[in-house]
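Colleague: I would like a close look at a single part of this model. Please take it slowly, as for someone new to the subject.

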Amino acid sequence: MRETNLKIQQTSKTVLTVIKIVRIFCFLGIIGCAIGSIALGICQKEVDSALQDLIASGKVSLYLSQDNIVRFHMNEGIMVQSVARELIKNIIQGMLALIFIAVVLSFISRIFKVFMENYSPFTGQILKDLKITFILITVLTLSSGLMMGLIIGFALYCVYQIFEYGCELQQQSDETL
């Protein structure tokens, strides 16, 4: 039993360290996106003017793809009124995705902290954090596609039900002892 508890603590500590590193990269990305969008906002006219000159000279053409990403290529194409504005929108979308990931990672780290302290994944706090994490992940996957979001949401709901049952068994076991 002691050996199992040590493994749980070591694994949880490793996962927490990895999550901290990934969250640092997320925060650096968020800061970079914020600075980039502000800089593009400040220099919007200059960026648009320079790109319009490149387009007029025939060196570059732009179009918006179906996923609203500004694409650069060499054929004559659709003109975009403000390329900088479109780039700012895309940067902000990326920043929101990084914020979302950082929030999900925060809940996952809370789960592993409690797990490390209690040596059991079947506690009320872990159940609460799992529920929030699963809801956030389902919302994220719903944004990429309804069918995929529903499938993942259903799968996560099933996992949540297993953990809820485990909590009930843990509580009965604790009361028996």
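How far apart should the ends of helix α5 (residues 146-176) be, and how far apart are its end C-alpha atoms? Please go on to what α5 packs against.

Modeller: Keep in mind that the model is predicted. Helix α5 has 31 residues, and at 1.5 Å a residue its expected span is 45 Å. The end C-alpha atoms of α5 are 45 Å apart, so the expected span and the distance in the model agree.

Next, the buried side of the question. Along α5, the buried residues are Gly149, Gly153, Leu156, Tyr160, Gly166 and Cys167. Part of what covers these residues is helix α4 (124-144).

Three of the names, Leu156, Tyr160 and Cys167, also belong to the largest nonpolar core, which has eleven residues. The other members are Ile8, Ile111, Val114, Phe115, Ile126, Leu127, Leu130 and Phe134. At least two residues of this core come from each of α3 (83-118), α4 and α5. Helix α4 gives the largest share, with four residues. One core member, Val114, touches Thr123, Gln125 and Ile126, if neighbours within four places in sequence are left aside.

Last, the cysteines. Cys158 is partly exposed, because its relative accessibility of 32% falls between the limits of 20% and 50%. Elsewhere in the chain, Cys26 has a relative accessible area of 6%, which is under 20%, so Cys26 counts as buried. A disulfide is a covalent bond between the sulfur atoms of two cysteines. A search of the whole structure finds zero disulfides.

Terms used. Residues numbered from 1 in each chain as written. Predicted model: local features only at pLDDT ≥ 70, side-chain atom pairs only at ≥ 80, totals over all residues. Heavy atoms only, no water. Disulfide = S-S within 2.5 Å. Buried < 20%, exposed > 50% of the residue type's maximum accessible area, 1.4 Å probe, protein only. Expected span 1.5 Å × (residues − 1). Contact = heavy atoms within 4.5 Å. Core = buried A, V, L, I, M, F, W, Y, C linked by side-chain atoms within 4.5 Å.
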